[in-house]
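Work through the exercises below with the model open. Try each task before reading its solution.

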Amino acid sequence: PTEVNLRFEDFGPTSIRLRWGASTDNVGVTEYIVRYGDGKEVRVPATSAAELSTLIEGLTPDSDYLFEITARDAAGAESEPLTLLLVTFPAPPVLPGKVSGLTGTPGETSIELRWSAPPEPDGTVASYNVYRGSTRVATVTGTSATVSGLTADTAYTFSVEAIGRSGLAGPRSEALTFKTLPPRVSPPRVTFSLKGSTSIKTLTKGNLPLAGSLDNVNLLLATGQLSGDLTLADTQGRLTALGFLPVTAKIGFVPSGKTTGTINDGVLSTKSFIRIKVKEVKLFGAIPLAGGNNCQTKSLSEINLQSTQPEFNPYQGGGPIAGTYRISDLNGCGVLNGLVSPLTAGGGNTINLNLTPKPAA
């Protein structure tokens, strides 16, 4: 058979269509054989057409292939081979799909964004671009990003696109708008003046006046929690001990740590720990029994107080608070320690105070 005239068309990354003119032969051409690659071949039956073609598929993108075609007649003779070297196109880059499920958690000056990866095989997406409006504000490899430096109480619109390994971007997600939180306003610290009295159950027929302050009260409006610095002045008064002995007593209250508490539904509750000092006890107002700066309770007294009127307002008006407490045994009171300690130790002691907010400085 005569040699064929081979050419190609429909060039792609994984296929090539070959065309050639019909061969002539005195016996008659029966088929054409296209050989390529590693021993592969395609047999095309001869027809009466002046031109024939075949589509070679399953090729590797961006690869060299040597194609050879011969004509074969009925006697088995083949024409001289015609060869053609072709290179397939590179495969087109795979674009990532569309990002979905965008959500945002606003802060005061930032918004934390999260989203779902496109439904692509693992490894398709290399990174993500985050846009605020039309401005790219972040590029991340995961499916979350925190955008900072925003203004409080302000709306911002965000969208996200996936970037493939080729560096090309897929379609952007739906644009969603999120609003940052309003700025938090720290309430001013408040100081209370305290005035009231306490009664010690073992010392009857008389109350001891109380005065002092609760300073630097920090109130967290979000939780209702508060803390402050308690100060109580020494107090003294005429009382009756053991039901019949007239005594005069001077007592000091030394707070330990912060006074803490809560304001919930207009009710103030506080907790304080106090060391009680019996600085002076005189029988009949003249005969010293015991006392001094070292004469004090062995254990701290826990004093829990609660407002007694509704809608306690820490910034306007204040109000009364009351509660009970216990006094432990005394030590450090000298040779008469055993006599003086029973005069004060025990529970059921009461305290009543009125808290009045001081004007802010």
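Four exercises with solutions follow.

This is a predicted model, where local features need pLDDT of at least 70, side-chain atom pairs count only at pLDDT 80 or more, and totals for chains, interfaces and linings use all residues. Residues are numbered from 1 along each chain as its sequence is written, and side-chain values use heavy atoms, with hydrogens and water left out.

**Exercise 1. The disulfide**

Task: Find which cysteines a disulfide joins, and say where they sit.

Solution: Start with the cut-off: a disulfide is a pair of cysteine sulfur atoms within 2.5 Å. A search of the whole structure gives 1 disulfide. Cys295 and Cys333 form it, with 1.8 Å from S to S. Next, place the pair. Cys295 is in the loop between β23 (287-290) and β24 (296-297), and Cys333 is in the loop between β27 and α1. The two are 38 residues apart, so the pair links distant parts of the chain. Strands (E, at least two residues) and helices (H or I, at least four) are DSSP runs, numbered from the N terminus. Now the handedness: the torsion about the S-S bond is about 80°, so the disulfide is right-handed. Finally, Cys295 and Cys333 are both buried. Buried means under 20% relative accessible area, exposed over 50%, and partly exposed in between (1.4 Å probe, protein chains only).

**Exercise 2. A residue in a loop**

Task: Decide whether Leu336 is buried, partly exposed or exposed.

Solution: First locate Leu336: the loop between β27 (330-331) and α1 (337-344) holds it. Then read its relative accessibility, which is 31%. Leu336 therefore counts as partly exposed.

**Exercise 3. An open sheet**

Task: Work out the strand order of the open sheet of 3 strands.

Solution: The order is β8-β9-β12, with antiparallel pairing. The edges are β8 (100-106) and β12 (144-147), each pairing on one side only. Neighbouring strands here are turned by 20° against each other on average, direction ignored. Axes are lines fitted to C-alpha atoms, for helices over the stretch in contact, and angles run from 0 to 180 degrees between N-to-C directions. Two strands pair if DSSP finds at least two bridges between them. β8 and β9 (residues 111-116) have 5 bridges. Thr103 stands opposite Arg114 in β9.

**Exercise 4. An enclosed strand**

Task: Find the burial of β13 (residues 155-164) and its bridges to β10 and β14.

Solution: Count buried residues first: 8 of the 10 in β13, so the strand is largely enclosed by the rest of the structure. β10 (residues 125-132) pairs with β13 over 7 antiparallel bridges. Arg132 has Phe158 in β13 as its bridge partner. β14 (residues 176-179) runs antiparallel to β13, joined by 4 bridges. Ala155 has Lys179 in β14 as its bridge partner.
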